[in-house]
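Me: Hi! I'm new to this one and would like a friendly walk through it. Could you show it to me and then take my questions?

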Amino acid sequence: MKKLIILLMAATVFTVSAKAQVNVSINIGTQPVWGPVGYDHVDYYYIPDAEVYYYVPERVYIYRNGNNWSRVRTLPASYRNIDLYTVHKVVINNVDRPYLNHAKYQKEYYNYRGKRDQIAIRDSKEEKYFQNKKHPQHAQWVKAHPNENKGKGNKGNGNGGKKGNRGGGNGRH
């Protein structure tokens, strides 16, 4: 009887943990094509070279404007030299408004400035990234997956109006 109870408890724990894994949010289709490969879900990118954040759900950049943090769809002209496809991006998940603790991220990721070690989603050959409307292989993905694309509003996965060179490297953070 004791073994049966232990077996029943183990089955319950396994079922609950399996269900929790299934409920993980995936937002590959809404990540910008300049984002690095390797992440099924991203809340924020922190870009150490520019000390800018990008909030994926709202598709806005958050940057320091004097003593305040401004939210914009496209970065101001002062950031025009930042190539989002090649600079290192740090993924920050499960943190509400990380820019309010900017000194922490600035210090922790300072060494990533100048690194060009990530492959951008746009340059990925992995099919899972083709669902992104801005990916060069998106049209082929739509043809190959007609039922998966119906009624889905994969909106504005833009690059913030920026164009850049193809990223290189194979590392990710």
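Reply: Happy to. One term before we begin: a residue is called buried under 20% relative accessible area, exposed over 50% and partly exposed in between, using a 1.4 Å probe and protein chains only. With that in hand, asparagine 94 counts as exposed because its relative accessibility is 76%.

Me: Anything I should know about the model itself?
Reply: This is a predicted model, in which local features need pLDDT of at least 70 and side-chain atom pairs count only at pLDDT 80 or more, while totals for chains, interfaces and linings use all residues. Residues are numbered from 1 along each chain as its sequence is written, and side-chain values use heavy atoms, with hydrogens and water left out.

Me: OK, back to asparagine 94. Where is it in the chain?
Reply: Asparagine 94 belongs to the loop between strand 5 and helix 2. Its phi is positive, about 60 degrees, although asparagine 94 is not a glycine.

Me: And what about phi of arginine 97?
Reply: Arginine 97 also has a positive phi, near 50 degrees, and is a residue other than glycine. It is placed in the loop between strand 5 and helix 2. With a relative accessible area of 43%, arginine 97 is partly exposed.

Me: Zooming out, how many helices and strands does the chain have?
Reply: There are four helices and five strands. Both are DSSP runs numbered from the N terminus: helices are H or I with at least four residues, strands are E with at least two. Starting at the N terminus, the order is α-β-β-β-β-β-α-α-α.

Me: How much of the chain is buried?
Reply: Of its 173 residues, 39% count as buried.

Me: Which residues touch the most other members of the largest nonpolar core?
Reply: Trp34, Tyr45, Val52 and Tyr61 do, in a core of 20 residues. Strand 1 (44–47), strand 2 and strand 3 each contribute at least two residues to this core. A separate, second core has twelve residues, including Tyr55, Trp69, Ile92 and Tyr99. By nonpolar core I mean a set of buried Ala, Val, Leu, Ile, Met, Phe, Trp, Tyr and Cys residues joined through side-chain atoms within 4.5 Å.

Me: I see plenty of rings. How many aromatic pairs does the structure hold?
Reply: It holds 16 aromatic pairs. Rings of Phe, Tyr and Trp (its six-membered ring) pair if their centres lie within 6.5 Å; planes under 30 degrees apart are stacked, over 60 edge-to-face, and the rest tilted. Tryptophan 34 and tyrosine 45 make a tilted pair, because their ring centres are 5.4 Å apart and their planes are at 50 degrees.

Me: What does that pair tie together?
Reply: Tryptophan 34 lies in the loop between helix 1 (2–22) and strand 1, while tyrosine 45 is in strand 1, so the pair ties together parts eleven residues apart in sequence. Both tryptophan 34 and tyrosine 45 are buried.

Me: And how do tyrosine 44 and tyrosine 99 pair up?
Reply: Tyrosine 44 and tyrosine 99 are edge-to-face, 6.5 Å centre to centre with 65 degrees between the planes. Tyrosine 44 is in strand 1 and tyrosine 99 in the loop between strand 5 (90–92) and helix 2 (102–108), so this pair ties together parts 55 residues apart in sequence. Tyrosine 44 is buried, at a relative accessible area of 4%, and tyrosine 99 is buried at 7%.

Me: Which residues form the aromatic cluster?
Reply: Tyr44, Tyr46, Tyr53, Tyr55, Trp69, Tyr99, Tyr105, Tyr109 and Tyr112 form one cluster.

Me: Switching topic: where is glutamate 58, and what does it touch?
Reply: Glutamate 58 is in the loop between strand 2 (52–55) and strand 3 (60–65). Leaving out residues up to four places away in sequence, glutamate 58 touches Arg71 and Arg73, where contact means heavy atoms within 4.5 Å. Glutamate 58 counts as partly exposed because its relative accessibility is 38%.

Me: Last one: is histidine 138 buried or exposed?
Reply: Histidine 138 counts as buried, because its relative accessibility is 11%. You'll find histidine 138 in helix 3 (residues 138–144). It touches Phe130, Gln131, Asn132 and Lys133, not counting residues up to four places away in sequence.
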